[in-house]
Amino acid sequence: MLSSTRELLETARRNVYAIGGFNVYNLEGVQAVLRAVEKHHSPAILQIHPSALIYGGLPLISLCLEAARSSPMPIAVHLDHSTNPTDILTALKAGVRSIMADGSPLSYGENLKFTKKMADIAHGQGAAVEAEIGRISGTEDGLTVTEKEAKMTDPQQAVEFVAATGVDFLAVTIGNVHGEYKSPPRLDFVRLAKIRDLITIPLVLHGASGLPPEMVSKSIELGVSKFNVNTEVRMAFMDSLTQGFCVNSPQDLLEPLGEAIAAMTEVISEKLYLFGSVDKAHLHQSPYAEMLALS
Ligand SMILES: [Zn+2]
């Protein structure tokens, strides 16, 4: 069923687990998420990155919405990392009710202004909004520790930002990085605990690919209700296709694509276990969930 991100995250937080936000690019990615959640009775979020939106356009949004509607599991559809108002408006118009307004490349003041404006528009359509302060780096190499520290989420600033913008979820930067971790991840849990103490809305951690299980558990304990996963699933798809096309020389298309779906399903299933959302679908099938899904 097509669910509300707000409900998924609030219920997950109350019951101390987290929801996986899985970036999808095509039918195969969507199928993999559906198979994993249906096998493990888990909620999940299908996420579209703006670059995937450029690639797939409105048909990709329709695919995600229809997949969510037709699945017996609670699934939300979310627009990831949008720095461009046009993408947000396009997604809202197409029926997406969860967006990330990402002003993190801007200065703090500009980020606040951008996020507030996008949040007002999205809320006017009944959509939930994720935002980010601090800035998650995807290219850690070349950054000095001082620069890296400067990009981490400041707990006091986070309080002010959430109050001023009215966003529904906050993506925090506590040492997490996009893409692969070049050295063992080090998360600043003291910072996360401070943010948690000061803010009541659900927190989001990007860059969950490659985080060891104990860090995932600790993050959930400290209030992270959504993990974004992209790299590991994408790598599973690409590795499987390389094997399928280059090594096996198949005669038809469905066989290697089917194997790629299976490879992604396996990675997604592991993440659902890690996030603790396996066998939690029933918690989201409540009158409250239905009410929020319809709003
Ligand atoms: Zn991200």
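User: What makes the eight strands a barrel, and in which order do they come?
Analyst: The eight strands close into a ring in the order β1-β2-β3-β4-β5-β6-β7-β8, with parallel pairing. Strands (E, at least two residues) and helices (H or I, at least four residues) are DSSP runs, numbered from the N terminus. Neighbouring strands of this sheet are turned by 25° against each other on average, direction ignored. For angles like that, axes are lines fitted to C-alpha atoms (for helices, over the stretch in contact), and the range is 0 to 180 degrees between N-to-C directions.

User: What kind of model is this?
Analyst: It's a predicted model, in which local features need pLDDT of at least 70 and side-chain atom pairs count only at pLDDT 80 or more, while totals for chains, interfaces and linings use all residues. Residues are numbered from 1 along each chain as its sequence is written, and side-chain values use heavy atoms, leaving out hydrogens and water.

User: How do you know that strand β1 and β8 pair?
Analyst: Two strands pair if DSSP finds at least two bridges between them. Strand β1 (residues 19-23) and β8 have four bridges, in the parallel sense, so they pass that test. As an example, glycine 21 stands opposite asparagine 228 in β8. On β7 (residues 203-205), there are three bridges to β8, again parallel, and leucine 203 has valine 224 as its partner. Strand β5 (residues 128-132) and β6 are also joined by three parallel bridges, with glutamate 132 opposite alanine 171.

User: Why is strand β8 called largely enclosed?
Analyst: Buried means under 20% relative accessible area, exposed means over 50%, and partly exposed is in between (1.4 Å probe, protein chains only). Six of the six residues of β8 (residues 224-229) are buried, so the strand is largely enclosed by the rest of the structure.

User: What makes β7, helix α9 and β8 a unit, and which hand does it have?
Analyst: β7, helix α9 (residues 213-221) and β8 form a β-α-β unit, and it is right-handed. The name fits the rule: with the strands pointing away from the viewer, the path from the first strand over the helix to the second must run clockwise.

User: How do you know which residues coordinate the zinc ion?
Analyst: Donors are N, O and S atoms within 2.8 Å of the metal (3.2 Å for Na, K and Ca), and since water is not among the atoms, sites may look incomplete. His81 (NE2), His178 (NE2) and His206 (ND1) coordinate the zinc ion at 2.0 to 2.1 Å, so they qualify as donors. Their spacing in sequence is H-x96-H-x27-H. Histidine 81 lies in strand β3 (residues 75-82) and histidine 178 in the loop between β6 (169-172) and α8 (189-198), so this pair ties together parts that are 97 residues apart in sequence.

User: Is histidine 81 buried or exposed, and what is its relative accessible area?
Analyst: Its relative accessible area is 12%, so histidine 81 counts as buried. Histidine 178, at 28%, is partly exposed.

User: What is odd about the phi of histidine 81?
Analyst: Most residues other than glycine have a negative phi, and most peptide bonds are trans. Histidine 81 has a positive phi of about 30°. Valine 16 also has a positive phi, of about 55°, without being a glycine. Valine 16 sits in the loop between α1 (5-14) and β1, and at 53% relative accessibility it counts as exposed.

User: What is the crossing of α5 and α7 called, left-handed or right-handed?
Analyst: The crossing of α5 and α7 is right-handed. A crossing gets that label if the near helix is turned clockwise from the far one by less than a right angle, and left-handed if anticlockwise. Helix α5 (residues 108-124) and helix α7 (residues 155-165) pack at about 35°, with axes 9 Å apart.

User: Which residues of α5 and α7 meet?
Analyst: Contact means heavy atoms within 4.5 Å. Among those that meet are Tyr108, Leu112 and Ala119 in α5, and Gln157, Phe161 and Thr165 in α7.

User: Is methionine 73 buried or exposed, and at what relative accessibility?
Analyst: At 7% relative accessibility, methionine 73 is buried. Its place is in the loop between α3 (50-70) and β3. Methionine 73 and alanine 281 are 208 residues apart in sequence and 6.3 Å apart in space, C-alpha to C-alpha. Beyond its neighbours within four places in sequence, the contacts of methionine 73 include Met1, Val37 and Ala281.
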